Amino acid sequence: MAVKQDAVTITRWTGGQHPTTSAINRLMNKEGLTPYLWSPSPNARQAIKSHGYHKVLYVAEGSLEVILPDSNQRVTLKRGDRLDVPAGIRHGLNIGSGGAKCVEAALRPNR
C-alpha cells in the first residue's frame, strides 16, 4: 500500500518476511539506483532540509519518524517501509529508540 503525503510517497512493507539489507540493495539496483547503508544512532535527529535530488530510503532495521513541516505531518517508518522524497521537499528524521539501519540512494534529475 502506498500512502501519498503531498509529494512524498511512503510505501509500507506488505510481505510476510521483512527484507534483508541485501534484498533491499537488489531491489534498488533493479531500479538503476546505487544504494548505500547508513546506521544512525538511537534517538538521533536529522534537521529539516531539502535536497537537489530525489531521495529513496528503505528502513532495513529499526524505525524512524519522518517530519514533513510544510504539510505539518509526521509518519513513522518501520522495517521494510520505503520513503520517496522528491527534490526540493523539506523533511527531517527522528531515529527510533532502538536505532535504525537504512538503505538510501539518490535519483539524480538527469536520469
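**A walk through a predicted fold**

Hi everyone. Let me start with N72, which has 72% relative accessibility, so N72 counts as exposed. The cut-off for calling a residue exposed is over 50%. One thing to keep in mind while you look at the picture: this is a predicted model.

So where does N72 sit? It is in the loop between β5 and β6, and β6 covers residues 73-78. N72 also has a positive phi, near 55°, and N72 is a residue other than glycine.

There is another asparagine to put beside N72. N43 has a positive phi too, about 65°, although N43 is not a glycine. N43 lies in the loop between β3, residues 36-38, and β4, residues 45-49. How well covered is N43? Its relative accessibility is 46%, so N43 counts as partly exposed.

Now let me step back to the whole protein. There is one helix, along with eight strands. If you trace the chain from the start, the order is β-β-α-β-β-β-β-β-β. Does that chain fold up into something compact or something extended? For 111 residues, a compact globule would have a radius of gyration near 13 Å, and the protein has 13 Å, so the two agree. Along the principal axes, the C-alpha atoms fill a box of roughly 35 × 35 × 25 Å.

What about the contacts? Take the contacts between residues at least 6 apart in sequence: 75% of them join residues at least 24 apart. As for burial, 40% of the 111 residues are buried. The accessible surface is about 6000 Å², and carbon and sulfur atoms account for 48% of that. On charge, I count 15 positive and 8 negative side chains, with the centres of the two sets 4 Å apart.

Let's zoom in on one of the negative side chains, E104. E104 is in strand β8, which runs over residues 91-107. Is E104 buried or exposed? Its relative accessibility is 5%, so E104 counts as buried. For anyone wondering about the threshold, buried means under 20%. What does the side chain of E104 pair with? It makes a polar contact with the side chain of W38, at 2.7 Å. Beyond W38, and leaving out residues up to four places away in sequence, the residues that E104 touches include M28, T34, P35, Y36, Y53, K55, V56 and L57.

Y36 is on that list, so let's visit it next. Y36 lies in strand β3. Here the relative accessible area is 43%, so Y36 is partly exposed. Outside its neighbours within four places in sequence, Y36 is in contact with C102, V103 and E104. Y36 and L57 are 21 residues apart in sequence, and their C-alpha atoms are 9.6 Å apart in space.

Next stop, I67. You will find I67 in strand β5, residues 54-68. With 12% relative accessibility, I67 counts as buried. Which residues does I67 touch, not counting those up to four places away in sequence? They are I48, Q73, R74, R90, H91, G92, L93 and N94. For a sense of distance, I67 and L27 are 40 residues apart in sequence and 25 Å apart, C-alpha to C-alpha.

H91 turned up among the contacts of I67, and H91 also has a histidine partner. The side chain of H51 makes a polar contact with the side chain of H91, at 3.4 Å. H51 is in the loop between β4 and β5. Although H51 sits in a loop, its relative accessibility is 16%, so H51 counts as buried. Setting aside neighbours within four places in sequence, H51 is in contact with A87, G88 and H91.

Last stop, the helix. K30 is in helix α1, residues 21-30. Is K30 buried or exposed? Its relative accessibility is 75%, so K30 counts as exposed. How far is K30 from S97? The two are 67 residues apart along the chain, and their C-alpha atoms are separated by 32 Å.

If you rotate the model yourselves afterwards, I would look up two pairs: E104 with W38, and H51 with H91. Thanks for listening, and I'm happy to take questions.

Technical notes: Residues numbered from 1 in each chain as written. Predicted model: local features only at pLDDT ≥ 70, side-chain atom pairs only at ≥ 80, totals over all residues. Heavy atoms only, no water. Helix = DSSP H or I, 4+ residues; strand = E, 2+ residues; numbered from the N terminus. Rg over C-alpha atoms; globule rule 2.2 N^0.38 Å. Buried < 20%, exposed > 50% of the residue type's maximum accessible area, 1.4 Å probe, protein only. Contact = heavy atoms within 4.5 Å. Areas by Shrake-Rupley, 256 points an atom, 1.4 Å probe, with all protein chains shown as cover. Charge placed at Lys NZ, Arg CZ, Asp CG, Glu CD. Polar contact = N/O pair within 3.5 Å; in protein donor to acceptor, adjacent residues only side chain to side chain.
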